[in-house]
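Trainee: Before I take any labels on trust, could you go through this structure with me and show how each term is earned?

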Amino acid sequence: MPKTRTAPDYVLLFTTILLLVIGLIMVYSASAAWAGYRFDDSFFFAKRQLFFAGVGVLAMLFIMRVDYWTWRTWSKVIIIVCFILLVIVLIPGVGLVRGGARSWLGVGAFSIQPSEFMKMAMIAFLAKYLSENQKKIVSFKHGLVPSLSLVMVAFGMIMLQPDLGTGAVMVGTCVVMIFVAGARISHFAWLGVAGLIGFVALIASAPYRIKRITSFLDPWEDPLGSGFQIIQSLYAIGPGGLMGMGLGESRQKYFYLPEPQTDFIFAILAEELGFIGGFIVLFLFGILLWRGIRIALGAPDLFGSFLAVGIISMVAIQVMINVGVVTGLMPVTGITLPLLSYGGSSLTLMLVSIGVLLNISRYVR
């Protein structure tokens, strides 16, 4: 275990806080009209986001001081607990149904999404496995298959909710980790074919997923149904232009774009702050990605390196999918924008993950 600790990566820390502050401002701006109409309190969502941001920042600062090897020691226990929660959430009457998915545990607005925590649990467990079995990863039978088996079991349980977006982020993150560990590209090619067939089967098995694909290809085919969100999102981004309409001046948040404080918050940001505002946010995510890669390359051991790769890959994949959906480049998946979108579980998990990354940075060579 590494012994010499230095100061954490302050660039990563300040970038995270800045994105979080931007997110808090945009959650209020995007949700004020809807919150005032539905709850008679324009700060309804903003107050809850501020609460979870506070909890998340405290957790991040605490985790930043906990040696990252602790995750290696407890990775098996953590992933078992997450699997148990994935089973519990599927029990009718226990798991809460929102947006057609039984993905939540809790009471009312204060609830958790077990699949979000499974992402970090799987990253820690896989980082431990890869650090102990890196030489085997070139073998399809003895390396690649065992490393992916548990991932696919977790993916299957998440799909029972169903939550394709979260499952896809988890699988994509794990694939990046395995690739970085040295798996052969030819093995990934065969798995890619099998994954594509499975993905098509998943889409075909649910009519609403087929509608999402068709609305992605031609949203105007059903402008008041499956294509509604994409069209309204583009209506938000277009008028934003270079400088935006001004903070708080969005039109699409007035009951055109459904719940704009969650998956489509980037559309409201682009409408109010324009291309420049959107570019600044993406630039900040770029800095976060750069510092994460730097930490992964400088980690003192394989476990720390794989753990950092997993965390930064999770962030990057979520950003790419969310922005791709908002701009009409990808089908709607229900993925939040890290640190900006409203959501207690996703925000807390992201800040905890960055806390782990900050701890690894304290040992970078």
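Mentor: Let us begin with the charged pairs, since the structure holds seven salt bridges. This is a predicted model, in which local features need pLDDT of at least 70 and side-chain atom pairs count only at pLDDT 80 or more, while totals for chains, interfaces and linings use all residues. Residues are numbered from 1 along each chain as its sequence is written, and side-chain values use heavy atoms, with hydrogens and water left out.

Trainee: Why is the pairing of Asp 9 and Arg 294 called a salt bridge?

Mentor: The term requires a side-chain nitrogen of Lys or Arg within 4 Å of a carboxyl oxygen of Asp or Glu. The N to O distance between Asp 9 and Arg 294 is 3.9 Å, so the pair meets that definition.

Trainee: What makes this a link between distant parts of the chain?

Mentor: Asp 9 sits in the segment before helix H1 (10-39), whereas Arg 294 belongs to helix H10 (residues 265-298), and 285 residues separate the two. Helices here are DSSP runs of H or I with at least four residues, numbered from the N terminus. Asp 9 and Arg 294 are also linked with Arg 291 in a network of salt bridges.

Trainee: How do you know whether Asp 9 is buried or exposed?

Mentor: Buried means under 20% relative accessible area, exposed means over 50%, and partly exposed lies in between (1.4 Å probe, protein chains only). Asp 9 has 6% relative accessibility and therefore counts as buried, while Arg 294, at 42%, counts as partly exposed.

Trainee: Which salt bridges lie in helix H4, and how are their partners placed?

Mentor: Among them is the pair Glu 116 and Lys 119, which meet at 3.0 Å, N to O, and which lie three residues apart in helix H4 (residues 114-132), about one turn of the helix. Glu 116 is buried at 6%, and Lys 119 is buried at 3%. Lys 128 and Glu 132 also pair, with their closest N and O atoms 3.2 Å apart, and they are four residues apart in helix H4, again about one turn. Lys 128 is buried because its relative accessible area is 15%, but Glu 132, at 43%, is partly exposed.

Trainee: What makes up the largest nonpolar core?

Mentor: A nonpolar core is a set of buried Ala, Val, Leu, Ile, Met, Phe, Trp, Tyr and Cys residues joined through side-chain atoms within 4.5 Å. The largest one has 102 residues, and those with the most contacts inside it include Met 118 and Met 170. Helix H11 (residues 302-326) gives the most to this core, with 15 residues.
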